[in-house]
Each structure stands twice: as C-alpha cells, then as structure tokens.
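I opened the notebook for a session of looking things up in one model. Entries go in the order I got to them.

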Amino acid sequence: MTTTARVLIAADKFKGSLTAVEVAERITAGIRRVRPETSVESLPVADGGDGTVAAAVAAGFERHEVEVTGPLGAPVTAAFALRGDTAVVEMAEASGLQLMPPTVYAPLTATTRGTGELLLAAVDAGARTVVLGVGGSATTDGGAGMLEALGARFLDEDGDQIPHGGGPLVEMVSADLSGVDERFADIEVVLASDVDNPLTGPKGAASVYGPQKGAGEQDVNVLDAALTHFVKVMGESVGPRAAETADAPGAGAAGGIGYGALVGLNATFRPGIDVLLEVLGFASALERADLVVTGEGSLDAQTLHGKAPAGVAAAARKQGKPVLGVCGQLKLDGKALKGAGFERVYALTDVEKDTGRCMSEAGPLLEKLAERLAEERL
C-alpha cells in the first residue's frame, strides 16, 4: 500500500462491547495515529440483526422513534430508519432478546406484535419499500403477533383473539388475513436475514433457535407443534401456499417471523448482508477504496454463513480489493479465511490474551490493533 491509500472500514459490531459505529471510530483513530495521511471512509454494516437500524442511520438514513408493544407486552421505544421511500425496520428493536430483563425468558408467550406496529409506523411515514431485518428475536410466534398488529385475526373456538406468543397458536381455529392493512398490497417488503431455516421440524425455528430464547425440550416440542398447527389453519385461509411457504428458506427466521412476512405480506427473502450492502451504498464506497477492513466480535464458522464480514469480503474480492479482518477472537484457520477472501485477520487476543479484558477494554485494544495494521499494511 502507498501512503495515500484509501481505506474503507465496513465492519459489524463487536457484540457486547462496541457498536459498528464505535468499531469504525476506533479503527480510524488507530490508523490515523500511525498514518495520518491515509484517507479513511467508514460504512458500518449489519446483516439484518440488532444494529441494522444504527448502520442505516450512519449511512444517512433518518432515525424515527415510536412506542410499540415489546416482547412481553409492555410498551417499549423502538426505532426504524427512513431515506426517501425506503425504510429499514429491525425486528430486534421491537421484539428482541435485548429488550428482555436479564435472565428472563418467555419462549411460549413472547410476541412480535411490536414489529408489526413498527412496520405500520414506517408505512405511515411514507415508506413504499421496507427492508425487514430479522434476528436477535425473543419470539417464536411465527409472526402471528406482527400480522395481528397489521389487522389479521387469529381466533379460538369461542371467536376470541388468541393470546400472544407461540404457545397459544395451538388454540387457533381460524385465520383471517382480509383485515391486513390494504396499503401492504403495494408495499415491497424484503425479508433480510442470515437464516434460511424452514419454519418447523428438526431444522425449524423452535428446534434450532428456541433454546437460545429459554425454551427447554418440552417447550421446543410445544412450540414446534403449535407452529405446525398454525400452518394448517393458515392453509384453510390462504390455500396450499401456507404449507409451501413453511418449507421455504427464511420461513424459520427469527422465531418464524419470516413465515409471517412471506405468507402474510408477500415478502421476498434475501440474505441480509446482500440487502444491507445495497441499501447502505457499499458498491460506490468500495469503488473509492484501495483496501477494505471488515470484521465482528468473533470470526468463526457462523461468520461464513451469511454474516456481514463474509458478505463484505466476498463483494470486495469480486472487485479485486484486498480485505483485512479485525475481530475480538479468531476461530477460523488460514484456509477458511483465504477461502472467504481475507488476506489477514487481526484479533484483539493478539494484543491481550485475557478474553474478559478483550470484552471490557475492546475500544482501546482495537485502536492498538489498528495501529499494528497500519504499520504493516499502509
């Protein structure tokens, strides 16, 4: 690299330590301390999970806040991002595990209703294309709460609306989507996720991700049966498409909210990082760069399956731009890194062996790591 190198920092958050914006700030500070003449551009990225709205705002979208129903039914303040007629809605803002009290889980009763309310707010604000980023959910309700907020009715044998959550879906005897806000017939909804699981079965929403939300073995069985029943009753309303959609990639994303979006809102499923790179304007930023720096808290096997750093590295490699990685800890071997498009990866554990300190002092350590990167590569 020459002394006039143009560096693009397109990293995700270091979960539990630094936001994607803070990661970019720290790397920039470290580079400029060693190579002050370097041109540095930052474009924080996300893959649809928590931090997606923040990445959009950093890229020039306007942040909008609204009070919605949280996963436990109590009101919470959630945000979406808007630029022109394109909105970025992050389900974790309204229905995420991040909103749950510490050590509190509600795998059978947590609701996605707030995500539906957030979608309504985005449309009210003028959105005609909505990128629905899903991930980090506290819920396993198949998106029923979201659709209910938009006007759908899911009734029990007494004709009453079923309670919130995935567990009560087993009580449903009829589904009526005719009341869904008619504006959504003309809204393009893009389901952005790094998860391509089906809704039910051994690879479904409850079996694979339920335990992360506090579901024990019996809860997983209850939820999977309830989601299966949900699909059956939905079939009586929308026909064969209900069962076909349950098997579609992305239906099991975020506790099955993918299913609700696909079957109820005619959403299009796309890998989250691909969608977000488009929305954030990554292609034009990449053209201006000589070197790309990306990363996240842990570069591991999951990274290679649709996470933001892998998407950034793949896109940069297509354009022949060298890619360096930064992370808290590195769990991939050299062969895997090379295959993903990384020339080299710098980990906080290279400068601090104590992983606890890597978490608590991530900012200063990342600056130190960026200094080393600058000395060696710029």
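What follows are my notes on a predicted model, one topic per entry.

**Entry: helix α7**

I began with α7, which runs over residues 217-238 and has 22 residues. From first C-alpha to last I get 31 Å, close to the 32 Å expected at 1.5 Å a residue. Next I asked which of the α7 residues are buried. My list reads V220, L223, D224, A226, L227, F230, V231, V233 and M234. I noted that an aspartate, D224, is on that list of buried residues.

What do the buried residues of α7 pack against? I find the helices α5 (144-149), α6 (205-209), α8 (241-246) and α9 (253-265), plus the strands β7 (153-155) and β8 (174-176). Just after α7 comes G239, with a positive phi of about 85°.

**Entry: nonpolar cores**

M234 turned up again here: it is among the residues with the most contacts inside the largest nonpolar core, along with L119, L132, F154, F184, Y259 and L265. That core has 56 residues, and α9 gives the most to it, with 8 residues.

I picked L119 for a closer look. Leaving aside neighbours within four places in sequence, L119 is in contact with V89, V130, L132, M146, L150, F184 and L265. Apart from this core lies another, of 40 residues, including L8, A59, V88 and F282.

**Entry: V53**

V88 led me to V53, since V88 is one of the contacts of V53. V53 sits in helix α2 (residues 52-58) and is buried, at a relative accessible area of 1%. Beyond four places in sequence, V53 is in contact with R63, A79, F80, A81, V88, E90 and E93. I also checked V53 against A94: they are 41 residues apart in sequence, and their C-alphas are 12 Å apart in space.

**Entry: positive phi outside glycine**

Why bother with these? Because most residues other than glycine have a negative phi. I wrote down two exceptions.

- A254 has phi near 50°. A254 lies in helix α9 and is buried, with a relative accessible area of 11%.
- N266 also has phi near 50°. N266 lies in the loop between α9 and β10 (268-271), and N266 is exposed at 57% relative accessible area.

**Entry: cysteines**

How many disulfides did I count? The count comes to 0. I looked at C327 to see why: the closest cysteine sulfur, in C358, is 9.6 Å away, and a disulfide needs the sulfurs within 2.5 Å, so the gap is too far for a bond. C358 is in no disulfide either, with the sulfur of C327 as its nearest. As for accessibility, C327 is buried at 0%, and C358 counts as buried too, at 7%.

**Entry: the largest pocket**

Last, I looked at the largest pocket, which has a volume of about 1200 Å³. Which of its lining residues are closest to the centre? Out of 42 lining residues, my answer is K15, D50, Q212, Q302 and K307. I then sorted the lining by element: α9, β11 (291-299), β12 (323-330) and α14 (355-360) each supply at least two residues.

**Entry: cross-check on α9**

Going back over the pages, I see α9 in several entries. The buried residues of α7 pack against α9, α9 gives the most to the largest core, A254 lies in α9, and the pocket lining takes at least two residues from α9.

Key
Residues numbered from 1 in each chain as written. Predicted model: local features only at pLDDT ≥ 70, side-chain atom pairs only at ≥ 80, totals over all residues. Heavy atoms only, no water. Helix = DSSP H or I, 4+ residues; strand = E, 2+ residues; numbered from the N terminus. Expected span 1.5 Å × (residues − 1). Buried < 20%, exposed > 50% of the residue type's maximum accessible area, 1.4 Å probe, protein only. Contact = heavy atoms within 4.5 Å. Core = buried A, V, L, I, M, F, W, Y, C linked by side-chain atoms within 4.5 Å. 1 Å grid on protein atoms, 1.4 Å probe; cavity = no way out; pocket = protein on both sides within 12 Å on 5 of 7 lines; lining within 4 Å. Points joined across faces, edges and corners; volume = space filled by probe spheres on them.
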